[in-house]
Amino acid sequence: DDSDEDGDDESRSRYSSDDVTNKSGGQMSADQRSAQRSKASKNKIKGRHMVRKNMNIAGSNGGGGVDPSNIFANFHGHKGPLLPRAMVESELDLEADELRCLETFSLSNGPKSQKDHNVAYSSFSSDATLILPRYTDPILGLRILIEALAKMGRLDDVERCLSENIDRELRRIAQLEQAKTLARLEKRRNKVPGGSGGQNGASTTRRNVALLGFEAAEEKLKSFRGHLKSLLTSFGSVKLRLNYLAQILRYRVTSDPSIVCPSYTKASALHSVLVAADVIMQREVKSFLHGCLNEDEKLESAFQTMRMAASSLSSNRNSRNGGGNNMSSNASTTQSSERGIFSLGIINDASLASSIREKYAQNLSLASRSSVMRMSAEEYVKQILCPRTGVAPQIRHALTFRKAIAAWSKEIGDLKVGLSLVTGEDTSTPEYNATTEETAIAYVDNVIQNTLLPMMHAAADNGTITALERPDAFEPITGVGIYNTSVKGKKLKVEMCAACQGLYSSTGPLFSALPKLPRGGGMYTDLVANLEHAILTFLSRVKQRVSELCDGKKAFQLLEDKTSRHPTRLSGDLESRKPFTQLVNSYFGDGSLGLGSNVDTGSSRSNISPIAPSNTDTKSKSILDMEGKSVGASTKSGYEQVSELQREQESFELEISHMLEILNFTDPRYGGLFKLGAEEEFLKAVSLSHSLLKLASQLERRLMPKKNTWGKSLTAPRTLRESIKNIRMHGIRLAKFCRVEVLLQTVQRMSTIYQSSSLSAKDAVRLPTSVNSLGEYLASISDQMREYGGNKIAAYALSSLEQYVPLFLMETVRLVTLGDGLPKGFKITLNGVESLDRCCSVLYRDLKSATGFDNSFWDDDVAADAFERAASYVALMELDMDELASYWRNNRNEFTDDDYRIMFSMNGPRRRGDLQRYVSLKERLADRR
């Protein structure tokens, strides 16, 4: 992106020191230049020896891999903020090295000039204008300058010359960066059409629509961040070059006792220049920040007026200039003449005021550019950046800029400490630590701590409390009709309840500030504490709401102990089922951000059992358990011996072992034992479960680093993660409640099938009314759950019914064969057997229709196996005794011994019960073995 481009040319600036340059370089006649070149050619062998020596020195200090084509590349390949000691102490041939690194000399000594040996280097142009030299390597240029001044005895004037020009030069750097940013804005504005037509306009519109909330705000601040980055890079390069100069100067004056510098201490030379440069840089950065942060309340109205004026001004300028292409072309031409970040004033003001500058001064676009360069940083932000980007200055922008300013401040501080260590400067003196200007990072931190964070804390508390105090805080929000043909059967997007939305939106600024503040500091601790307070306030109301919806219900009693409120074994076994794993993964993903699958269950059987991997999965796709270890080894042996179908059957039997009471259909108090919730309360529980799980997943994603790398762990505070766990835990509690509630509603309707008159009908085959009622209930509740809680909660609430419904049918068959709870003399007819067989097919069809939506947890293999077993068990009722005995011989392991005893003792439509024959069959089988 243009706003983030920081090339080598842009990361340099100029620093003029006219007096030092004139003293060191001097003015030479043409004869003297010719003699100098002749001397250089005589010392050619010596120069080559010096180059090899310098390369070897730099290579021995970590600069390995030097490119021979660039003899000074080794000076930039070393590690560390300052120059290596060997580079500073290396031998320097003043005349030969200077001629070799002069840019003008290297250009005039190219292939064309080599043919004409009479062409000599000249410091004057054709119109007798003085051309000051430009060095190709700035570090070597610093050494040459210091060495030349040492020979002239003028090292004492370096600090004076720099101090006189540093304010003006640093301000000019900021002005150049302002002009470059303006050119980038103009270039970007010319690329994207302003109207809605065109492909670029459509893509931009779609992108802006996709960016919501804080992401959109960060996107709009890209130009601000790019300008600040360029400004800090330029200032950092200047500070680095000044430290190079101070390091070289201090070494030169301390290594030669004959050098006398009465103006300053040798070990602390240029300290005042470094302090002055730091003060000016900090002031410029703070001026930019002050314009972006808008500490003036009346600035909003001024910004609106300024934006309208800027748009009209821009349109008038474009109409006069024939578009905005002039600015971009001018910017590209300007970059070629505005290069070199700190050449010690080797390029003076006269060279900058070239013919190109004079040409720009005659253009209207240059008039705009000149006015931009004359603006202060604060004026530039308010009058240029804000109107052109449509961003209003706000306090919250301090969080966006803090990270870059903190990194820049740390580098500046490291340079100061490193220079004192390398040069032996006394750090205990008051002058070393004295400062006259508040640093930019201190200014930003003060704004954040004293203004921004209190505002964010108050907004989070007030927003959460306001949302919780609404009458419809936890009421479902429905908007999409379930019978709309465009969404029927597809995944519905269900919004969170008002309380969850209030917590999510009000704490959004606090979560976005977490990665932008230093960990362990006072601001970070206060921020985390306020987040915890908002979440705990929300949880207190959630607990109350869950109690209102679930207390006293049979489903909740099966899941949690009434007195201790600890989860029962059934609750733990529910988490070992495949549908529960699918539910958690659908909201939180496989990794679940390291927060753990189960939260505070208090049961040893609380870990999510992994889903069996597909046969086509490779070893790299192996699922990880919640401890972070691969379960490939454990599942390999387990799934080789036990198929997934058998594993589901075993986990189902373990689950039903805790709910045997729901199978006691003949209990006179059976109906009164189950206190089921009303449909309205149930749907509220469905909605709240979805809202809590969605809220927890979104809060966890806010804790995830945006640029996450492989193996990077979550760095959020433990207490904050525990608070989000509790939100997740309440959502899982309600999801389990909804699943058991649907199960109880199903079994209550199926518990009366054995009493239906359809089983003893002789004239026709009729379905029991309870079967039709169950089919209507499943169709209705499926659509309503999807509308109130989405597909995920509906899929989990309807899961495993493909195993429970066949089980309830088989239990009905057992009661019919035994005659428990039936009138005396009751005998099932062939039409009754056919009616039960049709119940299997009808309930299979109704259940599959109710779960036939996207992302359903319906398992075809499990359903086919369970319903086939139920249909086979029903078919045993219409066999005669010989056919039943033959079936038992061929399928002894299909049903249990008790089931076969029941069938042999039953008086069916085509047989009379004979339990003794079953006993004799078993004895014969035992004798054969």
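Modeller: Quick vocabulary first: an angle under 35 degrees counts as roughly parallel, over 145 as roughly antiparallel, 65 to 115 as roughly perpendicular, and the rest as oblique. Keep in mind that this is a predicted model, where local features need pLDDT of at least 70, side-chain atom pairs count only at pLDDT 80 or more, and totals for chains, interfaces and linings use all residues. Residues are numbered from 1 along each chain as its sequence is written, and side-chain values use heavy atoms, with hydrogens and water left out.

Colleague: Okay, so why are helix 35 and helix 39 called oblique to each other?

Modeller: Helix 35 (residues 801-818) and helix 39 (residues 897-904) pack at about 40 degrees, with their axes 9 Å apart. That angle fits none of the other classes, so the two helices are oblique.

Colleague: Which residues of helix 35 and helix 39 make the contact?

Modeller: Helix 35 brings Val813, Arg814, Thr817 and Leu818, while helix 39 brings Asp899, Ile902 and Met903. Contact here means heavy atoms within 4.5 Å.

Colleague: And what makes serine 800 count as buried or exposed?

Modeller: Buried means under 20% relative accessible area, exposed over 50%, and partly exposed in between (1.4 Å probe, protein chains only). Serine 800 has 2%, so it's buried. You'll find serine 800 in the loop between helix 34 (769-797) and helix 35.

Colleague: Why does arginine 565 count as partly exposed?

Modeller: Its relative accessibility is 38%, so arginine 565 falls in the in-between class. Arginine 565 sits in the loop between helix 26 (554-559) and helix 27 (569-574).

Colleague: What is the phi of arginine 565?

Modeller: Arginine 565 has a positive phi of about 65 degrees, although it's not a glycine. Most residues other than glycine have a negative phi.

Conventions
Axes fitted to C-alpha atoms, helices over the stretch in contact; angles between N-to-C directions. Helix = DSSP H or I, 4+ residues; strand = E, 2+ residues; numbered from the N terminus.
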